[in-house]
Amino acid sequence: MELGEVKQKAKDIRLIALDMDGTCLNAQGRMTPRTTAVIRGLVEKGYIVVPSTGRGFETLRERVIGVPEIRYVISNNGAIITDGVTRERLIERDIPREDAAALVLGVLDHEGTCLHWDCGESYEIPLPVGCVSAEAYKQHYGEQEGRWVLPPEEMYRWVLECGKRFFKMGLRFSRENGFEYYGKLIHRDFPQIDCFRSGIQYEVVRKGVNKGVALKALCAHLGLPAQAVCAMGDNGNDVDMIDFAGLGVTVENGIEEAKAKADYIAGHHDREGAAAFLETVFL
């Protein structure tokens, strides 16, 4: 789709869903002042700007984006939707504890694999990292000192006994064909679980959870059709929301699956491609 067609389509847009890492954030995981200013401008102009991210809700608007006026946030890859005004969670879809525990033993059985958790809490609340070995931990997370690391059997017991809810799991691996290998393993042995490629890891969620489903649910809550939605993303966990939106956009560094679903490809995330697109089309 040419830019002129995009601008014409943008006339119907009321909600803009934005992925963070790899789309709005640069290679250092930070939002530039320009991007913050653009997002603030969209909010002030009356657009419903919805961060749609694998990250958690806490501090996202204030510290990461710098626009606390944002109301709705899709977080944890679509497992949670939060109304930032009421603090109500409109959706909560966690991985059943027994399934999470079984997955621990299913994937932490090879040298160089590590598993971490997102329980929908502040990142300041410490959670253990499951690792096959200390060497694997150091490879993926740096120095082991100060972190809570558990071997597979202990991690399995912790999952069953900790009383927490698991909204997302991050799987990292050393094997060269890890995405292909673990993708097939999870889809074959854990049909109740989904996984998405996100950067250097697989992000694991409950079956049927993704940003597209969450975005559709939020639109139903707000009474908006898909034609009123623009969605921007770059990775496997963004493909469904790009496909759902009336105007789907990826960035130059997006994966091929995202580009195949997108109506338009914006510039590279490390060159403020998202900000440039949003300025040109909506401001």
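**Group meeting: cores, rings and cysteines in a predicted model**

In helix α7, residues 152-161, four residues are buried: Pro152, Met155, Trp158 and Val159. They cover an arc of only 120° around the axis, so they sit on the same side of α7. What do the buried residues of α7 pack against? The partners are helix α5, residues 97-107, and three strands: β6 at 114-118, β7 at 129-131 and β8 at 149-150. Before going further, I should say that this is a predicted model. After α7 comes Gly163, which has a positive phi, near 80°.

Let me look at the α5 side of that packing. Ala101 lies in helix α5, and with a relative accessible area of 0% it is buried. Setting aside neighbours within four places in sequence, Ala101 is in contact with Tyr156, Val159 and Leu160. As for Trp158, its C-alpha is 8.4 Å from that of Ala101, while the two residues are 57 apart in sequence.

Now to the rings. How many aromatic pairs does the structure hold? The count is 13. Trp158 from α7 is in one of them, with Phe166: the ring centres are 5.8 Å apart and the planes stand at 65°, so this pair is edge-to-face. Trp158 and Phe166 are both buried. A second edge-to-face pair is that of Phe173 and Phe179, with 5.0 Å from centre to centre and 90° between the planes. Both Phe173 and Phe179 are buried as well.

That second pair belongs to one aromatic cluster, made up of Phe173, Phe179, Tyr181, Tyr182 and Tyr202. Two arginines meet rings of this cluster. The charged end of Arg175 sits over the ring of Tyr181, 3.8 Å from its centre. Arg197 has its charged end over the ring of Phe179, also 3.8 Å from the centre.

Next, the nonpolar cores. As background, nonpolar side chains in soluble globular proteins tend to be buried together. The largest nonpolar core here has 32 residues, and those touching the most other members are Ile16, Leu18, Cys230, Met232, Phe277, Leu278 and Phe282. Which elements give two or more residues to this core? On the helix side they are α1 (3-10), α2 (20-24), α3 (33-44), α4 (60-65) and α12 (273-282). The strands are β1 (15-18), β12 (229-232) and β13 (247-251). The largest share, six residues, comes from α12.

Phe282 gives a view of that core from one position. Leaving out neighbours within four places in sequence, Phe282 is in contact with Ala10, Ile13, Ile16, Leu42, Lys45, Tyr47, Cys230, Leu247 and Phe277. Apart from this core lies another, of 28 residues, and among them are Leu127, Trp158, Met169 and Phe173. Trp158 and Phe173 are the residues I mentioned for their edge-to-face pairs.

On to the cysteines. How many disulfides are there? The count comes to zero. For reference, a disulfide is a covalent bond between the sulfur atoms of two cysteines. For Cys162, the closest cysteine sulfur is in Cys119, and at 6.2 Å that is too far for a bond. Cys162 is partly exposed, because its relative accessibility is 26%. For Cys219, the closest cysteine sulfur is the one in Cys230, 12 Å away, and again too far for a bond. Cys219 is buried, at a relative accessible area of 1%.

I will finish with two loop residues. Is Asn76 buried or exposed? Its relative accessibility is 1%, so Asn76 counts as buried. Asn76 is in the loop between β3 (72-75) and β4 (80-83). With neighbours up to four places away in sequence left aside, its contacts are Thr53, Gly54, Arg55, Gly56, Asp118, Gly120, Phe167, Lys168 and Val205.

The other one is Asp263, in the loop between α11 (256-261) and β14 (264-266). Asp263 counts as partly exposed, because its relative accessibility is 22%. Not counting residues up to four places away in sequence, Asp263 touches Met1, Lys9, Gly246, Leu247 and Gly248. Leu247 is also among the contacts of Phe282. From Asp263 to Ser75 the C-alpha distance is 24 Å, with their positions 188 residues apart in sequence.

Technical notes. Residues numbered from 1 in each chain as written. Predicted model: local features only at pLDDT ≥ 70, side-chain atom pairs only at ≥ 80, totals over all residues. Heavy atoms only, no water. Phe/Tyr/Trp six-rings, centres within 6.5 Å; stacked < 30°, edge-to-face > 60°. Buried < 20%, exposed > 50% of the residue type's maximum accessible area, 1.4 Å probe, protein only. Lys NZ or Arg CZ within 6 Å of the ring centre and 35° of its normal. Disulfide = S-S within 2.5 Å. Core = buried A, V, L, I, M, F, W, Y, C linked by side-chain atoms within 4.5 Å. Contact = heavy atoms within 4.5 Å. Arc of directions from axis to C-beta.
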